[in-house]
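These are my notebook entries on a structure that I had not examined before. I set down what I looked up, one topic at a time.

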Amino acid sequence: MERTVAGPWALRRGFLATPDVVQQGRLIVESQALQWGLAEETVEAAVLIASELLTNAVRATPHKPVTLRMALAGDGIRVEVWDCSSQRPRASEPDLSMPERPLGDDVPDPGGWGRGIIDFLSEEHGVRVEFEGKSVWALLRAEFR
């Protein structure tokens, strides 16, 4: 844990953007949120948001550095993922069509659900373009146990 301008409780972890980072990030967010005493509903929302943000970072910058950050800020929790791409994420429509036959495990998920999930779970969210990439963040209300 480190002290930041967001407050006394913050966490930052760096990774290489590979698919297994999403699961690692989910576990880190869950563990830290539970240590902070957040309510189960808040923990679940933070984990889901981190999962969506990390998935997008892995897709945008495969095998490049990404950073997961989270912090208690006022009455909320901020979840943020930095990657080295300066391109802003684009919202896409989820594919609601039904496949004509079962799809194999090797068929990639077309996605498109992340923006709606983050809209629903967060109080606010955004993108901050930085010198060497961007940070995509979401702020959600923190309920404590």
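**Entry 1: terms and source.** I call a residue buried under 20% relative accessible area, exposed over 50%, and partly exposed in between, with a 1.4 Å probe and protein chains only. I note that this is a predicted model, in which local features need pLDDT of at least 70, side-chain atom pairs count only at pLDDT 80 or more, and totals for chains, interfaces and linings use all residues. Residues are numbered from 1 along each chain as its sequence is written, and side-chain values use heavy atoms, with hydrogens and water left out.

**Entry 2: overall layout.** I counted three helices and six strands in the protein; helices (H or I, at least four residues) and strands (E, at least two) are DSSP runs, numbered from the N terminus. Read from the N terminus, the order of elements is β-β-α-α-β-β-α-β-β. Of the 145 residues in the protein, 40% are buried.

**Entry 3: strand 6 and its partners.** I then turned to strand 6, residues 133–141, where eight of the nine residues are buried. Which strands pair with strand 6? Strand 4 (residues 76–83) does so in the antiparallel sense over eight bridges, and strand 5 (residues 124–130) pairs with strand 6, also antiparallel, over seven bridges. Two strands are taken to pair if DSSP finds at least two bridges between them. On the strand 4 side, I found W82 opposite S135 of strand 6. On the strand 5 side, E124 stands opposite L139 of strand 6. Strand 5 is joined to strand 6 by a hairpin through two residues.

**Entry 4: salt bridges.** I searched the whole structure and found seven salt bridges, each being a side-chain nitrogen of Lys or Arg within 4 Å of a carboxyl oxygen of Asp or Glu.

I looked up E80 and R69, whose closest N and O atoms are 2.7 Å apart in a salt bridge. This pair links distant parts of the chain, with E80 in strand 4 and R69 in strand 3 (residues 65–73), eleven residues apart. Are these two residues buried or exposed? E80 counts as buried because its relative accessibility is 6%, whereas R69, at 24%, counts as partly exposed.

Next I examined D75 and R141, a salt bridge with its closest N and O atoms 2.6 Å apart. D75 lies in the loop between strand 3 and strand 4 and R141 lies in strand 6, so the pair ties together parts that are 66 residues apart in sequence. D75 has 49% relative accessibility and therefore counts as partly exposed; R141, at 40%, is also partly exposed.

R128 and E130 form a further salt bridge, with 3.0 Å between the closest N and O atoms. R128 is partly exposed at 33% relative accessibility, and E130 is partly exposed at 26%. I recorded that R69, R78, E80, R128 and E130 are linked in a network of salt bridges.

**Entry 5: a charged patch.** Which residues form the negative surface patch? I listed E30, E40, E41, E44 and E143. Such patches are made of residues with over 30% relative accessible area and no salt bridge, like charges being joined within 9 Å. Helix 2 (residues 40–60) supplies the largest share of the patch, three residues. E41 is found in helix 2 and counts as exposed because its relative accessibility is 67%.

Conventions: Patch = residues over 30% accessible without salt bridge, like charges linked within 9 Å, V, L, I, M, F, W, Y side chains within 5 Å. Areas by Shrake-Rupley, 256 points an atom, 1.4 Å probe, with all protein chains shown as cover. Lys, Arg positive; Asp, Glu negative; His and termini not counted. Charge placed at Lys NZ, Arg CZ, Asp CG, Glu CD.
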